[in-house]
Amino acid sequence: MKKSNKMADSNIAQVKYYLWLLEQHGVENPTGILEYPKLRQTQPVDLTAEDRARIPLELEAMKVLLADDVPCPPVIDKPFCKQCAYYEFCYVAE
Ligand code: SF4
């Protein structure tokens, strides 16, 4: 369930990751539903073959990033940063 009043691709990606994790733990064909109460909308989320191939690659890319001495890219300081899920991490020192 998302409190936001906008539907974002990152929400779908988050649910797909959870579905992938469930599959990794033996749950067969898990499905999800995103609910947006403010919008009065729901969105079904399924895991596709493409997702199953992409998610492990993204996890590997994250591991490479985390192993870097400076794992975070520089703050880009754009107006949309205020809507970004990482805003507090990027601007915590400012
Ligand atoms: S707040 Fe988000 S978009 Fe802005 S610099 Fe940080 S990660 Fe990038």
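Which residue in β2 does Tyr 36 stand opposite? To find out, select Tyr 36 in this predicted model and look across to β2, where Gln 41 stands opposite Tyr 36.

Next, extend the selection to both strands, β1 (31-36) and β2 (41-46). The two run antiparallel to each other and are paired over six bridges.

Now display the side chains of β1 alone. In a regular strand, side chains alternate between the two faces of the sheet. On the covered face of β1 are Gly 32, Leu 34 and Tyr 36. The uncovered face of β1 carries Thr 31, Ile 33 and Glu 35. Tyr 36, the starting point of the tour, thus belongs to the covered face while standing opposite Gln 41.

Move on to the loop that joins the strands, and select Arg 40. The hairpin has four residues between β1 and β2, and Arg 40 adopts a positive phi near 55 degrees there. Is Arg 40 buried or exposed? Arg 40 counts as exposed because its relative accessibility is 79%, above the 50% cut-off. From Arg 40, a C-alpha to C-alpha distance drawn to Gln 14 gives 20 Å, with 26 residues separating the two in sequence.

Finally, select the ligand. The ligand takes up the space of the largest pocket. Around the ligand, display Val 75, Ile 76, Phe 80, Cys 81 and Cys 84, followed by Tyr 86, Tyr 87, Cys 90 and Tyr 91. How many residues of this shell are nonpolar, polar and charged? Nine are nonpolar, and the shell includes no polar and no charged residues.

Technical notes
Residues are numbered from 1 along each chain as its sequence is written. This is a predicted model: local features need pLDDT of at least 70, side-chain atom pairs count only at pLDDT 80 or more; totals for chains, interfaces and linings use all residues. Side-chain values use heavy atoms; hydrogens and water are left out. Buried means under 20% relative accessible area, exposed over 50%, partly exposed in between (1.4 Å probe, protein chains only). A residue is near a molecule or strand if one of its heavy atoms lies within 4 Å of it. On a 1 Å grid over the protein atoms alone, a cavity is a set of points where a 1.4 Å probe fits but cannot get out, and a pocket is an open set with protein on both sides within 12 Å along at least five of seven lines; lining residues have an atom within 4 Å of a point. A molecule sits in a cavity or pocket if more than half of its atoms lie within 2 Å of its grid points. Ala, Val, Leu, Ile, Met, Phe, Trp, Tyr, Cys and Pro count as nonpolar, Asp, Glu, Lys and Arg as charged, and the others, Gly among them, as polar. Two strands pair if DSSP finds at least two bridges between them.
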